[in-house]
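Please work through the exercises below with the sequence and the structure at hand.

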Amino acid sequence: MGNHGHHEPEGEALLTAAQAALERSGEQWTAMRGNVFAALTAFDKPASAYDIAEAMSATQGRRIAANSIYRILDLFVTANLAQRVESANAYVVNAHPGCRHDCIFLICDGCGRTTHLDDDRLTAALRETAGTAGFAPERPVIEVRGRCAECRDAAAA
């Protein structure tokens with residue numbers, strides 16, 4: 001949705017785009033940050049810092065502390081490399097790190113899959129309404145919980 005198209009890199013191109021975006025924000029792309037980003041991209045649903053720490057610990061053969069992952073994820077959110085799904089205290093990769101949008105998430109209560117939508121008209125109206133009420137929104141997040149088509153179809157079968 002939204003009012004413009006996106007180039008959404010995948011695989012190595014996404015990693016390269018994320019690294020470039022982080023460096024443009026004045027931060028360094030370290031091996032640990034690269035590993036956290038790669039681990040986050042491997043999840044097909046929002047991942048917590050503990051999920052990422054567990055995955056990285058398994059692949060690296062050493063314990064990775066979740067508190068280190070949290071700091072990196074916070075940096076990723078600030079640099080627009082990841083988005084936080086507030087209700088799940090989990091994170092998803094931003095598939096277009098060069099573009100900033102307010103977050104609209106469709107969260108399936110069946111399988112946990114989360115879809116990120118961009119609808120600039122909806123979020124502009126939300127920001128305008130908040131402004132009219134004297135409130136200055138900094139990071140609007142809209143989360144809609146329900147059932148994805150697959151889970152809904154499986155339940156109907």
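The exercises move from the whole protein to one helix and one hairpin.

This is a predicted model, in which local features need pLDDT of at least 70, side-chain atom pairs count only at pLDDT 80 or more, and totals for chains, interfaces and linings use all residues. Residues are numbered from 1 along each chain as its sequence is written, and side-chain values use heavy atoms, with hydrogens and water left out.

**Exercise 1.** Describe the order of helices and strands in the protein.

*Solution.* Helices (H or I, at least four residues) and strands (E, at least two) are DSSP runs, numbered from the N terminus. The protein has 6 helices and 5 strands. Along the sequence their pattern is α-α-α-α-β-β-β-β-α-β-α.

**Exercise 2.** Compare the span of helix 4 with its expected value, and locate its buried residues.

*Solution.* The expected span is 1.5 Å times one less than the number of residues. For the 13 residues of helix 4 (residues 66-78) this gives 18 Å, and the end C-alpha atoms are 18 Å apart, which agrees. Buried here means under 20% relative accessible area (1.4 Å probe, protein chains only). A66, I69, I72, L73, L75, F76 and V77 are buried in helix 4. The buried residues pack against helices 1, 2 and 3 and strands 1 and 2, where contact means heavy atoms within 4.5 Å.

**Exercise 3.** Determine how strand 1 and strand 2 are arranged.

*Solution.* Two strands pair if DSSP finds at least two bridges between them. Strand 1 (residues 82-85) and strand 2 are antiparallel, with 4 bridges. A82 lies opposite V93 of strand 2. The two strands form a hairpin with 4 residues between them, and N89 in the turn has a positive phi of about 45°.

Key. Buried means under 20% relative accessible area, exposed over 50%, partly exposed in between (1.4 Å probe, protein chains only).
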